[in-house]
Amino acid sequence: MVIGAGPGGYVAAARAAALGLKTAIVEKDKALGGTCLHRGCIPTKALLHAADTYDEVKHGARIGIKTSGVEIDWSEVQKYKDRVINSNAGGVTHLMKAKKIDVFNGFGRLKDKNTVVVTSDKESLSLTGKYIILAVGSKPRNLPAADHSSPRVLNSDSILSLKTIPGSLTIVGGGVIGIEFASIFARFGTKV
């Protein structure tokens, strides 16, 4: 059994099934793929691609390609990001079916060393198995000094659902995620 259907979990499940083990995977989100696919790596790479494309076209004259009237349709950029996510999620679902892996949607909790309790809106059930892999992913950490109830305070999940491109944005944290969002929004015209 694998708890978590992100890239660590679904790859582990596929490998276990390939080795001949009867395998189940438990995922709390509606779709398989985990944080990376739905709120991390994949959506940010789709937005980076859109920002790169916009920047290249906007500054094409530097290399002899002249354009005019280049603009961003943010709702279409968001739809593009969602198509990329949905396509990849469909691929993970197909992989689980092809490997004959049982998929359980709900929150997985260890009861003991061989039992996982899966709780969903519909039911609660117990699964037993010889091996359990925990691949539970990640979530953004809230900063104590930030009012997280304010729509002006975003995290790496909520920023992906913005309805408009912000005029300005302050990013706290200069790691990979912070740099990606700074790059995306700076290229889209946000003062970062």
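In the predicted model, strands E5 and E6 are connected by a hairpin of four residues, and the two strands, of which E6 spans residues 124–128, run antiparallel and are joined by five bridges. Within this pairing, Val 116 has Leu 127 of E6 as its bridge partner. On the other side of the connection in sequence, strand E4, comprising residues 107–112, is likewise antiparallel to E5 and is joined to E5 by five bridges, with a hairpin of two residues leading from E4 to E5. Here Arg 109 is matched with Val 117 of E5 as its bridge partner. Strand E5, covering residues 115–119, is mostly covered, in that four of its five residues are buried.

Beyond the strands, eight salt bridges were counted in the model. One of these is formed by Arg 39 and Asp 157, whose closest N and O atoms lie 3.8 Å apart. Because Arg 39 belongs to helix H2 (residues 34–39) whereas Asp 157 is located in the loop between strand E7 (133–134) and helix H5 (176–187), this pair ties together parts that are 118 residues apart in sequence. Both partners are partly exposed, Arg 39 with a relative accessible area of 23% and Asp 157 with a relative accessibility of 24%.

A further salt bridge is found between Lys 45 and Glu 180, with the closest N and O atoms separated by 2.4 Å. This pair, too, links distant parts of the chain, since Lys 45 is situated in helix H3 (residues 41–58) and Glu 180 in helix H5, at a separation of 135 residues. The two side chains fall into separate accessibility classes: Lys 45 counts as partly exposed at 42% relative accessibility, whereas Glu 180, with a relative accessible area of 13%, is buried, the cut-off for burial being under 20%.

Lys 79 and Glu 76 provide a salt bridge within one helix, their closest N and O atoms being 3.2 Å apart. As the two residues are three positions apart in helix H4 (residues 74–98), they are separated by about one helical turn. Lys 79 is partly exposed at 44% relative accessibility, and Glu 76 is also partly exposed, with a relative accessible area of 38%. Finally, salt bridges that share partners join Lys 28, Asp 29, Arg 39 and Asp 157 into one network, to which the contact between Arg 39 and Asp 157 described above belongs.

Technical notes: Residues numbered from 1 in each chain as written. Predicted model: local features only at pLDDT ≥ 70, side-chain atom pairs only at ≥ 80, totals over all residues. Heavy atoms only, no water. Buried < 20%, exposed > 50% of the residue type's maximum accessible area, 1.4 Å probe, protein only. Pairing = 2+ DSSP bridges. Salt bridge = Lys/Arg side-chain N within 4 Å of Asp/Glu carboxyl O.
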